[in-house]
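Let's take a walk through this structure together, one region after another. Have the sequence and the 3D view open as you read.

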Protein chains: 2
Amino acid sequence: MVPAGGENRAAATSAAMPSKGRATLRDVALLAGVSHKTASRVINGEPGVTDAKVAAVRQAIAKLGYRPNFTASSLRRAGGRIAAIAAVLEDVSNPFSSALHRALEDVARERNVMIFAGSVDEDPERERALIDAFTARQADALVIVPASANQRYLADVINAGTPVVFADRPPVGVDVDAVLSDNHGGAAAAVHHLVAHGHRDIAYLGDLRTITTAQQRYQGFREALADHGVRPQPDHVVHDLHTESAARDAAARLLAGPTPPTALFTSQNLVTIGAVRALRDHDRQHQVALVGFDDFPLADLLQPAVTVVAQNPAEMGRLAASLLFRRLDGEHWMPTTHFVPTTLIQRGSGEVIGPHA
Amino acid sequence: MVPAGGENRAAATSAAMPSKGRATLRDVALLAGVSHKTASRVINGEPGVTDAKVAAVRQAIAKLGYRPNFTASSLRRAGGRIAAIAAVLEDVSNPFSSALHRALEDVARERNVMIFAGSVDEDPERERALIDAFTARQADALVIVPASANQRYLADVINAGTPVVFADRPPVGVDVDAVLSDNHGGAAAAVHHLVAHGHRDIAYLGDLRTITTAQQRYQGFREALADHGVRPQPDHVVHDLHTESAARDAAARLLAGPTPPTALFTSQNLVTIGAVRALRDHDRQHQVALVGFDDFPLADLLQPAVTVVAQNPAEMGRLAASLLFRRLDGEHWMPTTHFVPTTLIQRGSGEVIGPHA
DNA sequence: AACTCTCCCGACATCGATGTCAAAACTTGC
DNA sequence: GCAAGTTTTGACATCGATGTCGGGAGAGTT
């Protein structure tokens, strides 16, 4: 009997070096001359294995370059977590999205959780496709910056128990946690600031009206003006600017008009930069005030430096991630919307004095 | 017998709505009154299923909100691909990394392949941890921007047949495809440009010398100067600047020195911006020339606008991704290094005239 | 009506790993 | 030296899904 066992093991050993493909636990066990369960024990540091066998298994692992298949083990493990969450972002390469992404990563890193990231590009179909792809790959949780009109299609995902947090834009048709900027308040702060510096004729240059944050910023703009008894001039309100060049053209048109505004409020990054270019083109950057929503790199190095209502994408990412992980840890609460404050950063362009000072 | 079968199915049906957790193929099959293999056939569009059963399965899928577990099926499918690749980047939130990331995504999207992304932050341990985590999760391929001194530890991964491409920095100790900027040539072009504009005393402000690209850019700088018979002044060469403020301080020190350089060559983004700030602080931005390696947003809006040697991260990402996918498609070739050309973009700061014009 | 011949279906094995549990090997106590 | 107790071990079932293949139902033929 014992010799027979020895023979088996010797035979197994000689067959245990797979030249192609990845070594599996079975290969390790064969090479080490133990059962795969024992090898599993060694790998997971479970007690109850002789030192000699531990050493044999370790050696086999090193020799084969074995790496456990986390995916396969998550199939069996309770809860089936793969220790990866998904981020459905607007565009991984834009500064806001990538700052959010980075903040998620920093929180996830502490738990050895990896991140799937994808760009929606304001395309609702792409949003669904990404979410399908991430859930099919068993992402443990989702952070979503939605582009679609409503997200009822998420019901199944949520019912299945996958934690979902919306970031930057509120959920529509589903009830989940959300982490949003104070868009309304931030826009209003910009308007109050401009009014305080003597402006009444403030133009609004805004992003696509399908984007909730653009709507909220426009609301904040209107209401703050109304607080001062001012109604925006209809032709000084331009919506649906989604690229830098569209914004530049729109701002140029305003500046070349018969009664140009004395100040501009731009509701988004690229729009702000387009407006800066237009002001520069017309050499009006020191005459017409500008406050932009959302900060951007180098805003302080322009001349004049650009006054902005800064969001805090890093804080949003941290908060979103911590909500997800608390749910993954088993905490329960009613879905809640969290607002992250905005900050008015005065740099010069917003402090150009207007006619009513 | 037939009645018994009918009873079983009825019983199964009534038990087939799991209230918690995700519905599985088994749940679908039970609800539809078919075997799980038949349900699998319907889902994968395989022939050989009655219309009536197809309809029953479809209905069950809709009712349960069933979503296939891609992870589990990849276990069984030949090759075991999970249709996800991993990007090990310097920092997902910096413009270079995120442009690379985005380009990878664009290529991957055409194949419905998702992307894991992670930030190394120049930490070799983090690099290994990320690669371990991604391979444990069965990423089909890896794009790596390495931070470590050598990557011999990748041997197992490569032997297992996982395609690996290095981007931006060359592999050391392993033989894999690489997609690099022409760092040497780009730096040399910057120097030639400055010399042509009358500069001889050109300072070098560079990133950590552990970073290969920084080494190559420094080499290009030195050799191009040598071509003109010029040796850099030792105290006008500053290495190991890895933050904007370190670069600003270093540039300030140079400008305040007894014989300040007439031009600066900065080897990296943040260093360039730090130098811009220092020049601005000393109001020398129109007297001292500046050429930076790597373009950055708004460089054209500064005054003077910043002349740069632009890299092409998007092209690097596209190329890296296409190499990976060709290997995943089964193509074979010897590992090759591809160089992506750089472009000198003249914007003003690099065209400040020097004393030898 | 009996017999092929398709065609469809579902029991079974499998992917890589882990939880269960009873048998085997060991130790200890008398 | 033997029974009792403890530690180690590995066969087995399982996670969710797919490939294999023999068997059964139905259609078509004579």
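**Where protein and DNA meet**

The residues of the surface near DNA strand C divide into seven nonpolar, eleven polar and ten charged. Please keep in mind along the way that this is a predicted model. Of the 28 residues around DNA strand C, the ones that come nearest are Leu25(A), Arg41(B), Gly48(B), Thr50(B) and Arg76(B). Looking from the DNA side, 65% of the atoms of DNA strand C within 4 Å of the protein belong to sugar or phosphate, and the rest belong to bases.

Some side chains meet those bases, and three of them are worth finding in your viewer. Arg41(B) has a polar side-chain atom 2.3 Å from a base oxygen of DNA strand C. The side chain of Arg76(B) has an N or O atom 2.4 Å from a base oxygen of this strand. From chain A, the side chain of Lys37(A) places an N or O atom 3.2 Å from a base nitrogen of DNA strand C. Which elements give two or more residues to the surface near DNA strand C? They are helix H3 (36-43) and helix H5 (70-76) of chain A, together with helix H3 (36-43) and helix H5 (70-76) of chain B.

Now turn to the other strand. Around DNA strand D there are 28 residues, of which Arg41(A), Thr50(A), Arg76(A), Leu25(B) and Asn69(B) come nearest. Of the atoms of DNA strand D that come within 4 Å of the protein, sugar and phosphate account for 64%. H3 and H5 of chain A, with H3 and H5 of chain B, each supply at least two residues of the surface near DNA strand D. That surface divides into eight nonpolar, eleven polar and nine charged residues.

Chain B offers three polar contacts to look at here. A backbone N or O atom of Asn69(B) lies 2.7 Å from a phosphate oxygen of DNA strand D. Ala72(B) has a polar backbone atom 3.1 Å from a base nitrogen of the strand. In the side chain of His36(B), an N or O atom is 3.4 Å from a base oxygen of DNA strand D.

Let's stay with helix H5 of chain B for a moment, where you will find Thr71(B). Is Thr71(B) buried or exposed? Thr71(B) counts as buried because its relative accessible area is 6%, and buried means under 20%. Leaving aside neighbours within four places in sequence, Thr71(B) is in contact with Thr71(A), Ala136(A), Arg137(A) and Gln138(A). Within chain B, Thr71(B) and Ile82(B) are eleven residues apart in sequence, with their C-alpha atoms 6.4 Å apart in space.

Those contacts lead us to the meeting of the two protein chains. In this interface, 56 residues of chain B are in contact with 56 residues of chain A. The two chains bury about 5000 Å² between them, with 51% of it on carbon and sulfur atoms. On the chain B side, Arg67(B), Arg137(B) and Leu301(B) lose the most area to chain A, together 14% of what that side buries.

Next, let's look inside the protein. The largest nonpolar core has 52 residues, and those with the most contacts inside it are Leu205(A), Leu264(A), Leu205(B) and Leu264(B). Among the elements that each supply at least two residues of this core are strand S6 (202-205) and helix H11 (244-256) in both chains. A second, separate core has 48 residues, including Ala86(A), Ala139(A), Val157(A) and Ala84(B). Back in the largest core, Leu264(B) touches, among others farther than four places away in sequence, Leu205(B), Leu254(B), Ala275(B) and Leu290(B).

Two more buried residues of chain B round off the tour. Thr272(B) sits in helix H12 (residues 269-281), and Thr272(B) is buried because its relative accessible area is 0%. Beyond four places in sequence, the residues that Thr272(B) touches include Leu290(B), Phe293(B), Phe296(B) and Val306(B).

The other residue is His197(B), found in the loop between helix H9 (183-196) and S6 of chain B. At 19% relative accessibility, His197(B) counts as buried. Its contacts, leaving aside neighbours within four places in sequence, are Gly350(B), Glu351(B), Val352(B), Ile353(B), Gly354(B) and Ala357(B). The C-alpha atoms of His197(B) and Pro355(B) are separated by 8.7 Å, although the two residues are 158 apart along the chain.

Technical notes. Residues are numbered from 1 along each chain as its sequence is written. Chains are lettered from A and ligands numbered from 1 in the order in which they are written. This is a predicted model: local features need pLDDT of at least 70, side-chain atom pairs count only at pLDDT 80 or more; totals for chains, interfaces and linings use all residues. Side-chain values use heavy atoms; hydrogens and water are left out. A residue is near a molecule or strand if one of its heavy atoms lies within 4 Å of it. A polar contact is a pair of N or O atoms within 3.5 Å; within protein, one must be able to donate a hydrogen and the other to accept it, and residues adjacent in sequence count only if both atoms are side-chain atoms. Helices (H or I, at least four residues) and strands (E, at least two) are DSSP runs, numbered from the N terminus. Ala, Val, Leu, Ile, Met, Phe, Trp, Tyr, Cys and Pro count as nonpolar, Asp, Glu, Lys and Arg as charged, and the others, Gly among them, as polar. Buried means under 20% relative accessible area, exposed over 50%, partly exposed in between (1.4 Å probe, protein chains only). Contact means heavy atoms within 4.5 Å. A nonpolar core is a set of buried Ala, Val, Leu, Ile, Met, Phe, Trp, Tyr and Cys residues joined through side-chain atoms within 4.5 Å. Buried area is the accessible area (1.4 Å probe) that two parts lose on being put together, summed over both.
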